[in-house]
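Here are a few short exercises to work through with the structure at hand. Try each task before you read its solution.

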Amino acid sequence: MAGRFGVLLRDARRRAGLTQEDLAARAGVGVRTIRRLETGGGTDPRVGTVTLLADALGITPRERADLLAAADGRQPDEPVEEPSKDTGVTPVVPAPSLVVVPEEVSEAADHLATIIATRLRREEELRRVHDPFPLPVRWRTAADLADHWDNICRVPHGMTAAPLDLSGEIGDIADIYRGIPSRKLVVLGRAGAGKTVLTLRFALDALAVRSRGGVVPVIFGIGSWDPTTTPLRTWLVETLQRDHPGLSAEAPGGSTLAAVLVDTGYILPVLDGFDEIAEGLHRPALEALNSLSGPLFLTSRFDEYERAVTNVHPLTSAAVVELTDLTVDDLAGYLPRTARRLTPGDTATAWDPVLAALRDTEAPAANLATVLKTPLMIGLARTVYSDSRDRDPASLLDTGRFPTAQALEEHLLDTFVPTVWEAGDVRQRWDLEQVRHWLGFLADDLDRRDTGDLEWWRMGGSLTRRSRVLLVTASTWLTTALLIWFVFCPLNSLTSGLPFRLPVVLVDGLASGAVIAVPFGLLYSLLVVRKTGHLEPTRVRVRLFDRRARRPRLRRRIAVRFAAGVAGGVLAAVVIGVFVRALSPDLVVIDDLGRLLRLILVDVTVFGLAFGPACGGLLALLTLLEVPANLTTATSPADLLAANRSTVLRVVALFAPVFAIAIGVGAFGAAAALEEITGPSFHLVKSFRVSALLGLTAGLVTASAYVMTFTAWGQWLVFARLRLPLLRKLPWAVTAFLDDAYRRGVLRQSGAVYQFRHARLQQHLAKAYRARL
């Protein structure tokens, strides 16, 4: 068996383009040990040695499992694949799992890699990273903030590792990372130094050399993570499921695909924005990151990371590099190629006088030289002055107008938004002052909530819990009243022949609205606001036919939802029974309190028997018809919103008629049965006509109340889509405005949420918005 292990090890090494000496240096294993293993001499290899070799070779999970099986003397579950043609390229990172994962998990990783690569390429295009070429972002080793080289190089006890040369430029980042045996790298830099663009390039380069079934680099905006309340593994899984709803599907063994991908090492966490974690949480976050045994790529501002590791152990086994400032030569090679020639046939551009002043290092250019050292500010200067025909970059040298470097930065940030909104062929024409106001509101709202993630399901301003409950209750009340006014009362008047009296109709609508809004508002307060605070977007679709197996987990979910539906229906029946009897015109002939209480009990029983089973049965049926989202579903914020809207409307279209029939038939049957037992009484449901109207109205009202109260899309409608435009905080075409801001480069996408292009831009817009209030 050792002979088969040696063949597999030798073939994997050759495919990786490594000599025995190279593999020994990368894995921290002696050369003589590798030579002995490949030739079959000596004893069988240890599992720890095999793991080190597999990590260094960058093999796939399937190849890793075969190597371990050969080391243990077992036959693989499937035939070993033929060695692929040697391309000279090493896969970016191996999956460190020691178990063979199901095929659907590997397929999910492949789908995820395709989706992420497509989105990141689009992100680079919108950021104009390659227009005309990437800025030469460089870095140097920051050994003072790194762990011991012995840990980084993963050498055995008793051996000493030499420091690694980690310097390079943006195109080298994936190769530099692959050269770190621990597969842990921290990238530091000041604001705007190019950390986020570097993460994009790293992920795309890693995906470009990824083999089928290999590890997937996923960029996570780590600023929203609270390490004191959520373990890192849980947060990674939840973020994956938020950004890629298809990964919420159940995997073999009962866990979700997202959880299995994380647990088996298929996900390489690329954690962007360690500095954006809330103040006071950096050290707990660092401690939690140290518990991550697998590969890691982390970015942070220098000062925040330095404070986090002061007097404590740095990130275990992690190498650290620091981004360096761009030089005048970098500017001279980049900015003129982004601008127009001054005259045809001439090579001079408007940037030439500015570059000459920067090389002269005199006082007028000192502030500008300080500002134009980061890709962020260079990108803003390029947008404002190279893309605009009406602005002269020489004005940046005016020390009277810009006496400090900060004044120059504020000018570039302030001019960026007008420039991008005035340029190009656009679909929407927004008023510039309104655009400033809308963007400022969004930035200020994110600042108040101490986050950078613009999630459509959490939009609506900084509302208190009480305000949210009151607004949902009022919206449900108004919607119910409108349905009573324009559906129930006109139909009732037509079918019964009773006159349509406007005052009576108005009172009936307002009273009925309260009857529905109060129980739904109470349930919203108890089940949503107090429990989670916000509703997350649904991660399922609704299908009439699904061949999936009926698992115990599904049966439990159905039972829980049925019980919740029955409880909600009975609660609504109590409120409706009391209100209906209190508002009934027959109340004037009831002079016995005991009789009144008995009639209220009868009404509550009638409505409880109708509403309880109907609500419980429909929630159970909805659970039965839910299927996971498609793995290939796009993950942009707009697509996630559209998918949730489609799911909610499909639920309403399917179950509103069913609920109407169930309520109508149930109410009529219950009333008739109780009539036989209790004798004639003043039941509201006296005839099939009244029951049918009640069912129709109940179906429409309950469906609309459910949408606004218990769906993320309904919350979006109430808090953002309607409320904010009414308050003139956002335009009526909210989604079109956000998409326009994204296409112009003011916003960026991070999974299923928007973010401002840079935290510095968000802070500037928020500050300007507050100054105008």
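Leu478 sits in helix H20, which covers residues 465–496. Keep in mind that this model is predicted.

**Exercise 1.** Find the residues that form a nonpolar surface patch with Leu478, and give the accessible area of the patch.

*Solution.* Start at Leu478 in helix H20. Next, add Leu482 and Phe486, which form the nonpolar surface patch together with Leu478. Finally, take the accessible area of the three together: about 320 Å².

**Exercise 2.** Work out how helix H12 (residues 282–290) is oriented relative to helix H13 (residues 302–309), and describe their contact.

*Solution.* Two packed helices are described by the distance between their axes and the angle between them.

- Step 1: the axes of H12 and H13 come within 9 Å and cross at roughly 75°.
- Step 2: angles of 65 to 115 degrees count as roughly perpendicular, so H12 is roughly perpendicular to H13.
- Step 3: from H12, His282, Arg283 and Leu286 take part, and they meet Glu304, Tyr305, Arg307, Ala308 and Val309 of H13.
- Step 4: sorted by type, the residues of this contact are four nonpolar, one polar and three charged.

**Exercise 3.** Look at the backbone in two loops: is the peptide bond from Asp131 to Pro132 cis or trans, and is phi of Arg183 positive or negative?

*Solution.* As background, most peptide bonds are trans, and most residues other than glycine have a negative phi.

- Step 1: go to the loop between helix H6 (103–127) and strand S1 (138–141), where Pro132 lies. Omega of the bond from Asp131 to Pro132 is near 0°, and the bond is cis.
- Step 2: move to the loop between helix H8 (173–178) and strand S3 (184–189), which holds Arg183. Phi of Arg183 is near 55°, a positive value in a non-glycine residue.

Technical notes
Residues are numbered from 1 along each chain as its sequence is written. This is a predicted model: local features need pLDDT of at least 70, side-chain atom pairs count only at pLDDT 80 or more; totals for chains, interfaces and linings use all residues. Side-chain values use heavy atoms; hydrogens and water are left out. Patches are made of residues with over 30% relative accessible area and no salt bridge: like charges are joined within 9 Å, nonpolar side chains (Val, Leu, Ile, Met, Phe, Trp, Tyr) within 5 Å. Accessible areas come from the Shrake-Rupley method with a 1.4 Å probe; for residues, only the protein chains shown count as cover. A salt bridge is a side-chain nitrogen of Lys or Arg within 4 Å of a carboxyl oxygen of Asp or Glu. Helices (H or I, at least four residues) and strands (E, at least two) are DSSP runs, numbered from the N terminus. Axes are lines fitted to C-alpha atoms, for helices over the stretch in contact, and angles run from 0 to 180 degrees between N-to-C directions. Angles under 35 degrees count as roughly parallel, over 145 as roughly antiparallel, 65 to 115 as roughly perpendicular and the rest as oblique. Contact means heavy atoms within 4.5 Å. Ala, Val, Leu, Ile, Met, Phe, Trp, Tyr, Cys and Pro count as nonpolar, Asp, Glu, Lys and Arg as charged, and the others, Gly among them, as polar.
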